[in-house]
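Here is a short tour of a protein chain, written for someone who likes to check values against atoms. Please keep the viewer open while you read.

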Amino acid sequence: MSIAAIDRLTVAQLALIHALDQGDVAAIESATTALDQAVQQARTVAGWQATPELEAGVRQSLQASEAARVRVGYLADRSRRLLQALLGLSGRLPLGYGRNGRYRAAG
């Protein structure tokens with residue numbers, strides 16, 4: 001039972017990675033929902049027993065999670081740079097953070 005939960009979690013993470021790589025917003029939203037459901041299901045599993053298969057599954061799931069995290073960081077940075085470039089073309093000041101923590105045009 002517990003290895004199945006880890007497998008579902010890994011599949012959901014790989015689907016999110018694929019959606020991020022494709023840049024398809026609808027697919028990203030769908031994959032994010034599926035990942036949330038997989039995480040919730042994994043949390044409800046009782047009686048986790050350490051087995052070589054489970055440890056390998058967890059290791060694979062963690063690698064997929066890290067790959068998704070790196071992609072999200074890259075895409076966020078890319079979006080920020082594109083916004084700054086657009087602001088530069090419009091003659092506005094670069095982006096910065098306001099007192100409320102939100103991103104805004106500086107100045």
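The report below goes from the overall fold to the core, the salt bridges and the surface.

**The chain as a whole**

Bear in mind that this is a predicted model. Its secondary structure consists of three helices and two strands, and along the sequence these follow the pattern α-α-α-β-β. Of the 107 residues in the chain, 23% are buried. The chain exposes about 7,700 Å², and carbon and sulfur atoms supply 57% of that area. If you look at contacts between residues at least 6 apart in sequence, 49% join residues at least 24 apart.

**Helix H1 and the core**

A good place to begin is helix H1, which runs over residues 2–22. Its 21 residues should span 30 Å at 1.5 Å a residue, and the end C-alpha atoms are 31 Å apart, so the two values agree. Just after H1, Gly23 takes a positive phi of about 75°.

Which residues of H1 are buried? They are Ser2, Ala5, Ile6, Leu9, Thr10, Ala12, Gln13, Leu16, Ile17, Ala19 and Leu20. H2 and H3 are included in what covers them.

The largest nonpolar core has eight residues: Leu9, Ala12, Leu16, Ala19, Leu20, Ala31, Leu35 and Ala38. Helix H1 and helix H2 (25–44) are the elements that give two or more residues to this core, and H1 gives the most, with five. Ala12 is a handy residue to select: leaving out residues up to four places away in sequence, it touches Ala34, Leu35 and Ala38.

Thr10 also sits in helix H1. Is Thr10 buried or exposed? Its relative accessible area is 5%, which is under the 20% cut-off, so Thr10 counts as buried. Apart from neighbours within four places in sequence, Thr10 is in contact with Gly57, Gln60 and Ser61.

**Salt bridges**

Side chains of opposite charge can pair when their charged atoms come close. In this model the count comes to four salt bridges. The table shows three of the pairs, with the closest N to O distance and the relative accessibility of each partner.

| Pair | N to O distance | Relative accessibility |
|---|---|---|
| Arg71 and Asp21 | 2.6 Å | Arg71 27%, Asp21 47% |
| Arg69 and Glu66 | 2.6 Å | Arg69 52%, Glu66 38% |
| Asp77 and Arg80 | 2.6 Å | Asp77 27%, Arg80 27% |

The pair of Arg71 and Asp21 links distant parts of the chain, with Arg71 in helix H3 and Asp21 in helix H1, 50 residues apart. Arg69 and Glu66 are both in helix H3; they are about one helical turn apart because three residues separate their positions. Asp77 and Arg80 are likewise three residues apart in helix H3, about one turn of the helix. Asp77 and Arg80 also belong to a network of salt bridges with Arg81. As for exposure, Arg69 counts as exposed, while its partner Glu66 is partly exposed.

**A nonpolar patch on the surface**

Now for some leucines outside the core. Leu83, Leu86 and Leu89 form a nonpolar patch on the surface, and together they have about 350 Å² of accessible area. Leu86 is found in helix H3, which covers residues 52–90. Why does Leu86 count as exposed? Its relative accessibility is 56%, which is over the 50% cut-off, so Leu86 falls in the exposed class.

Key
Residues are numbered from 1 along each chain as its sequence is written. This is a predicted model: local features need pLDDT of at least 70, side-chain atom pairs count only at pLDDT 80 or more; totals for chains, interfaces and linings use all residues. Side-chain values use heavy atoms; hydrogens and water are left out. Patches are made of residues with over 30% relative accessible area and no salt bridge: like charges are joined within 9 Å, nonpolar side chains (Val, Leu, Ile, Met, Phe, Trp, Tyr) within 5 Å. Accessible areas come from the Shrake-Rupley method with a 1.4 Å probe; for residues, only the protein chains shown count as cover. A salt bridge is a side-chain nitrogen of Lys or Arg within 4 Å of a carboxyl oxygen of Asp or Glu. Helices (H or I, at least four residues) and strands (E, at least two) are DSSP runs, numbered from the N terminus. Buried means under 20% relative accessible area, exposed over 50%, partly exposed in between (1.4 Å probe, protein chains only). A nonpolar core is a set of buried Ala, Val, Leu, Ile, Met, Phe, Trp, Tyr and Cys residues joined through side-chain atoms within 4.5 Å. Contact means heavy atoms within 4.5 Å. The expected span of a helix is 1.5 Å times one less than its number of residues.
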